[in-house]
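This report goes through selected features of one protein model. The structure is shown first, and the description follows.

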Amino acid sequence: MNREKRSGMPEWQALKNHAQKINGLHLCELFAADPIRGSRFAAEGAGIYLDYSRNQITSETMELLQALARACRLGKEIARLFAGEKINETENRPVLHWALRDFSGLPVMVDGQDVMPRVRQVRERMAAAAGRIRARGWLGCSGKPLSHVVNLGIGGSDLGPRMAYKALRFYAQRDLHFHFVSNLDPGHLAETLRPLPPEETLFIIASKTFTTQETMANAAAARSWLMEHYQDPIALRAHFAAVTANPAAAHDFGIAAENIFEFWEWVGGRYSLLSAVGLPLMMAVGPERFEELRRGFWEMDSHFRDAAFTANLPVLLALLGIWQAGFMGRSTHAVLPYDQYLERFPAYLQQLEMESNGKDVDRNGEEVDYPTGPVLWGEPGTNGQHAFYQLLHQGTPAVSCDFIGLRRSLNPFRDHHEQLLANMIAQGQALAFGRDREELEREGVPATQLPFRVFSGNRPSNTILADELNPSTLGRLIALYEHKVFVQGVIWNIFSFDQWGVELGKKLANRILPRLKGQAAPGSDEDSSTRALIDYVSAVKREQ
């Protein structure tokens, strides 16, 4: 293991010194000095076009970033990922989400066994289940076809299928209805179930361990709701399915063996969309479209594995992100898809990036002395333009952006799509070049308004384009960001595939719960704030 801190590497120091020079340059100057900058700093691969010219970079910047990647032995780490090595070292697991979309036909070994036959077997069972419900052949206890599917999960078991279902809604079977419940707040499940007919509802419980607090609480409530209608526990066999690595617990819950779909420890939750976690998506769009999605992932995987770093889209996005966060002081990043179908894509990426690279300790167990994963957020355009773009243009926080657009609309109407793309391109242009006082004066803007209407510009963005939003395109986009996150973890020297930071809150909640229920006395280590909050909440029960 390399004990050297990244910030001590000569390549890191070279970038730090270079950033001081770049900080004084404006994008207006950079574009004026290079008439073909827009094509010079662009790349295309696996059906995705990336324009990264609107970053404060020069050719020297990119050469220094590439040198850092090589010094961090990125090529070797990519090879280790695709060789199935146990790169999730803190949990002693391989990272094999890529095997779920592997089209090579080669074996993928885990502890001496080829996992691919099991992967194919589960996918075949998923296809059979999807075919049955799409053909209206999955019947409830009353003999009616099940037409409402409620996915009970949280984190990757919710964000992935929910995002992908919304993204591919255009391709979904319209007489089937899909609902996603994740929040422990009982209102989420209650409002979802209120209009649903129990005799036509299928629940899919998605939990790797089958112990996830939020998911299992909702599963218990869903079971009670169904039992109010049927009374007989045998109804669970027709109306419940499970996606889990703990089939025994699913069986104990009352789920029939044929409705339990395997999920493996070597697939992280936020990378699990193409595992059985994607069952509701396959039911919605069909096995053929699901295969197109897998193919899109595989095409980006192949590009990432094979392309030179200078033309490698995930590597380029990762290096630009490291440049912005680590050397230009931009601790927040907005993802702005100009397509309504991608409305949940920023939320999906929040988990992917922030759970993976929100780490303050490097692989040596030492505190990092440089920024790692930025805060990621976003909304679809043009809605965001009427909400938070004011801050992007004239606010004091330094925000970098990814604009995502499609060249063709799935729902063409008059010139709506051209208007949409015009807005997207214009926003990147405005962020980059701004509007100076002289231009405003030439337009006759009153002197009293000049300070308020100046846009400083020099605010960086990437623009990502694809032809249209089909399953293959969605797969490529997701894989693009997955591999970007991996590359950044390598260069920051952090472990991207664990998430120990989510454990402490769960542990403390389990201590607090008995106090809220009046089943335990205050602990000797209970701080005064926690004690006061528990007492205030508990007072409601005493008042009832």
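## Methionine 283 and the nonpolar cores

Leaving aside residues up to four places away in sequence, methionine 283 touches Ala129, Ala130, Ile133, Arg134, Trp138, Val149, Leu176, Phe178, Leu202 and Ile204. The model is predicted, and every value given here is computed from it.

The largest nonpolar core holds 120 residues, and Met283, Phe345, Leu474 and Tyr481 are the ones that touch the most other members. Helix α20 (residues 471-492) provides the largest share of this core, with twelve residues. Another core lies apart from it and has 24 residues, including Val181, Leu193, Leu226 and Tyr230.

## Two buried strands

Two of the residues in contact with methionine 283 are Leu202 and Ile204, and both are buried on one side of strand β7, together with Ala206. On the other side of β7, Thr201, Phe203 and Ile205 are buried as well. In a regular strand the side chains alternate between the two faces of the sheet. Because six of the six residues of β7 (residues 201-206) are buried, the strand is largely enclosed by the rest of the structure.

β7 pairs in the parallel sense with strand β5 (residues 148-152), over five bridges. In that pairing, histidine 148 stands opposite threonine 201. β7 also pairs in the parallel sense with strand β8 (residues 240-244), here over four bridges, and alanine 206 stands opposite valine 243 of β8.

Strand β10 (residues 332-337) is mostly covered, with six of its six residues buried. Thr332, Ala334 and Leu336 point one way from β10, while His333, Val335 and Pro337 point the other way. β10 and strand β11 (residues 375-377) form a parallel pair over three bridges, in which threonine 332 stands opposite valine 375.

## The largest pocket

How many residues line the largest pocket? The lining has 37 residues, of which Thr209, Thr212, Gln499, Glu503 and Lys506 lie nearest the centre of the pocket. The volume of this pocket is about 980 Å³. The lining divides into eleven nonpolar, 17 polar and nine charged residues. Helices α7 (156-167), α9 (213-230), α15 (345-357) and α21 (503-516) each supply at least two residues of the lining.

## Backbone details

Most residues other than glycine have a negative phi, and most peptide bonds are trans. Two residues with a positive phi are listed below.

| Residue | Phi | Loop | Relative accessible area |
|---|---|---|---|
| Alanine 46 | near 50 degrees | between β1 (42-45) and β2 (48-51) | 22%, partly exposed |
| Asparagine 92 | near 55 degrees | between α5 (74-82) and β3 (109-110) | 51%, exposed |

Neither residue is a glycine. Asparagine 92 counts as exposed because its relative accessible area of 51% is over the 50% cut-off.

The peptide bond from glycine 381 to threonine 382 is cis, with omega near 10 degrees. Threonine 382 is placed in the loop between β11 and α16 (389-394).

## Lysine 541

Lysine 541 belongs to helix α22 (residues 528-543). The C-alpha atom of lysine 541 is separated by 9.4 Å from that of glycine 518, and the two residues are 23 residues apart along the chain. With residues up to four places away in sequence not counted, lysine 541 touches Leu516 and Lys517.

Note on methods. Residues are numbered from 1 along each chain as its sequence is written. This is a predicted model: local features need pLDDT of at least 70, side-chain atom pairs count only at pLDDT 80 or more; totals for chains, interfaces and linings use all residues. Side-chain values use heavy atoms; hydrogens and water are left out. Buried means under 20% relative accessible area, exposed over 50%, partly exposed in between (1.4 Å probe, protein chains only). Two strands pair if DSSP finds at least two bridges between them. On a 1 Å grid over the protein atoms alone, a cavity is a set of points where a 1.4 Å probe fits but cannot get out, and a pocket is an open set with protein on both sides within 12 Å along at least five of seven lines; lining residues have an atom within 4 Å of a point. Grid points are joined across faces, edges and corners, and a volume is the space filled by probe spheres set on the points. Ala, Val, Leu, Ile, Met, Phe, Trp, Tyr, Cys and Pro count as nonpolar, Asp, Glu, Lys and Arg as charged, and the others, Gly among them, as polar. A nonpolar core is a set of buried Ala, Val, Leu, Ile, Met, Phe, Trp, Tyr and Cys residues joined through side-chain atoms within 4.5 Å. Contact means heavy atoms within 4.5 Å.
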